Amino acid sequence: MTALRTYPEASRPDRSWRVDAPGVDLAAYAWGEPTDPVLLLAHGGMDFAGTMDVFAPKLAAGGWQVVSWDQRGHGDSAHPMLYSWEADLRDAVTVLDSVGGGPVPVVGHSKGGGLMMALADSRPDLVTALVNLDGLPSKRNRPDVSDRERRRMLASDLGAWLDFRRRAHDAQRKPGTLEDLARRRQRLNGRLPIEWLEYLVTIGAREDADGWRWKLDPSLRFGGFGPIRPEWSLQRLPGIRVPLLGVLGLEMEEMGWGTAPADVEPWLPPGARFEVLDGVGHFVHIEQPDRMAALVLEFLS
Amino acid sequence: MTGPVMLRHNRIDLALHELRAGDGPTLLCLHGLGENSALPASDVVAAWPGRIVGLDFTGHGASTVPIGGGYSCEVLMGDADVALAHTGPATVLGRGLGAYVALMIAGARPDLVRGAVLADGPGLAGGAIGIAGTPWLEPPSEATAPDRMALAELAIDRRPPDYAMGFARLSLASSELDQPLIVSAVAEPPWLEAVRAEPGVAAMSTVEAVRVLAAG
């Protein structure tokens with residue numbers, strides 16, 4: 001077996017445990033002293049808690065017990081029968097309950113930021129402060145696309161998704177060398193160093209007889225359709241009562257949400273802090289971990 | 001009636017019941033929320049000339065009941081598609097929740113769905129059509145059909161009319177039939193009102209709709 005790679009300033013969690021959420025066995029982690037107050041940290045879609053290995057220890061050094069988990073189907077958590085936004089939210093609360101429950105400050109990146117925003121809206125009793133790292137939605141209509149073209153795109157998305165679902169039961173992630181997997185991920189994480197991505201492979205992938213495979217559930221797939229509109233979560237933003245820090249990285253990239261500051265500003269609740277970072281991509285906490293950790297720690301202090 | 005055929009949809013085993021054997025075109029019945037399909041074919045479909053099958057959706061009847069919820073009509077559309085992969089082209093008759101899923105699969109697989117009938121039944125309405133609150137549900141720890149989480153989540157899933165219309169227009173634009181969508185439901189939830197108002201969508205009783213689609 002290949003040895004775990006190291007990466008400057010990255011450290012694995014100080015503790016890990018399993019959480020029995022209904023229908024799925026989750027992997028939970030903590031950095032920092034168990035006597036320190038809990039801060040809940042949620043990773044983004046297709047990521048896993050190990051992507052916080054540089055950022056989380058910096059928050060822990062500021063006096064927090066940083067608790068995170070691999071979301072269902074991600075990392076070392078089990079692959080469930082069903083997925084939904086609400087199921088992810090229930091999982092987050094089950095993880096929080098495993099360390100004594102809320103209310104606590106919550107921090108999330110990308111999908112994790114959206115989840116934590118939804119948690120603050122649906123379970124305000126559990127949240128004392130909210131940090132959203134490049135997971136702020138925008139109203140994404142495509143006025144330049146004709147109805148006919150929109151219909152063609154929907155037909156193509158639906159057909160591809162159903163074709164995929166028909167064979168999902170024996171889908172497997174493509175094997176490769178550790179370096180192959182890192183290079184593949186770099187197509188989605190183009191601004192991150194290859195050494196970091198290789199480090200992530202040794203955590204988020206497993207080494208089988210025929211090569212390395214990401215542990216991510218092979219039945220998970222980006223879908224281009226669904227009834228939920230991003231602007232609905234935007235409309236929940238003004239009603240959030242706890243202190244809110246929103247961060248946007250302005251460099252557009254594959255995994256980013258393409259949100260512009262003007263999309264968010266009208267919806268910010270009174271007193272919210274909004275940081276827009278020029279020259280930083282979607283993975284704000286990985287590109288600039290010191291700056292992000294300092295910002296979050298100062299905000300929470 | 002023999003036992004159901006079990007079909008695999010990702011980690012779920014789906015039960016497909018043969019409600020009436022026969023040659024000729026297939027009628028696929030999709031049940032309402034909380035129902036199942038392990039019933040003999042009803043008089044409503046007596047005029048159907050071919051084989052009649054009924055699918056148990058995820059969490060219903062003899063299909064797998066997952067723990068912890070996470071239901072969506074999109075996944076149930078996948079259930080219906082797995083049934084179609086087994087039966088080949090079929091006419092789809094959906095009750096309630098099954099009517100909404102019938103609309104979706106008719107739009108997504110216009111080459112496989114030889115007309116869809118949207119009938120009244122449990123779970124026809126769905127939930128909000130725009131921004132809505134998130135009800136906090138506590139999943140049961142035991143798997144029993146119908147799954148309580150299916151009953152809770154699929155009673156309130158969002159069905160914006162313009163989203164439903166996307167499926168309706170795909171069906172109307174791509175089906176070989178003159179009347180690929182027939183609304184027999186009397187109830188008027190917003191998504192169904194929008195579909196009903198679309199030129200090309202027919203309205204008649206379920207019995208009549210079955211006759212029309214049987215005649216091709």
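## Helix α1 of chain B and the domains of chain A

In this predicted model, helix α1 of chain B covers residues 73–87, and its 15 residues should span 21 Å at 1.5 Å a residue; the end C-alpha atoms are 21 Å apart, so the expected and modelled spans agree. The expected figure takes 1.5 Å times one less than the number of residues.

Is this helix mostly covered or mostly open? It is mostly covered, with twelve of the 15 residues of α1(B) buried. The buried residues include the charged Glu74(B), Asp79(B) and Asp81(B). Also buried in α1(B) are Cys73(B), Val75(B), Leu76(B), Met77(B), Gly78(B), Ala80(B), Val82(B), Ala83(B) and Leu84(B). After the helix comes Gly88(B), which has a positive phi, near 85°.

Chain A is split into two parts, domain 1 and domain 2, with domain 1 made of two segments, 15–140 and 221–300, and domain 2 running over 150–213. Their C-alpha centres are 22 Å apart. The contact between them draws on residues of both domains, as the table shows.

| Domain of chain A | Residue ranges | Residues in the contact |
|---|---|---|
| Domain 1 | 15–140 + 221–300 | 16 residues |
| Domain 2 | 150–213 | 14 residues |

What is the make-up of the side of domain 1 of chain A that touches domain 2 of chain A? It has five nonpolar, six polar and five charged residues.

On confidence, chain B has a mean pLDDT of 95, and 100% of its residues reach 70 or more. For the complex, the predictor gives an ipTM of 0.96 and a pTM of 0.96.

Note on methods:
Residues numbered from 1 in each chain as written. Chains lettered and ligands numbered in written order. Predicted model: local features only at pLDDT ≥ 70, side-chain atom pairs only at ≥ 80, totals over all residues. Helix = DSSP H or I, 4+ residues; strand = E, 2+ residues; numbered from the N terminus. Buried ≥ 20, exposed ≤ 12 C-beta atoms within 10 Å, placed from the backbone. Domains from an automatic or database assignment. Contact = placed C-beta atoms within 7 Å. pLDDT = per-residue confidence, 0-100.
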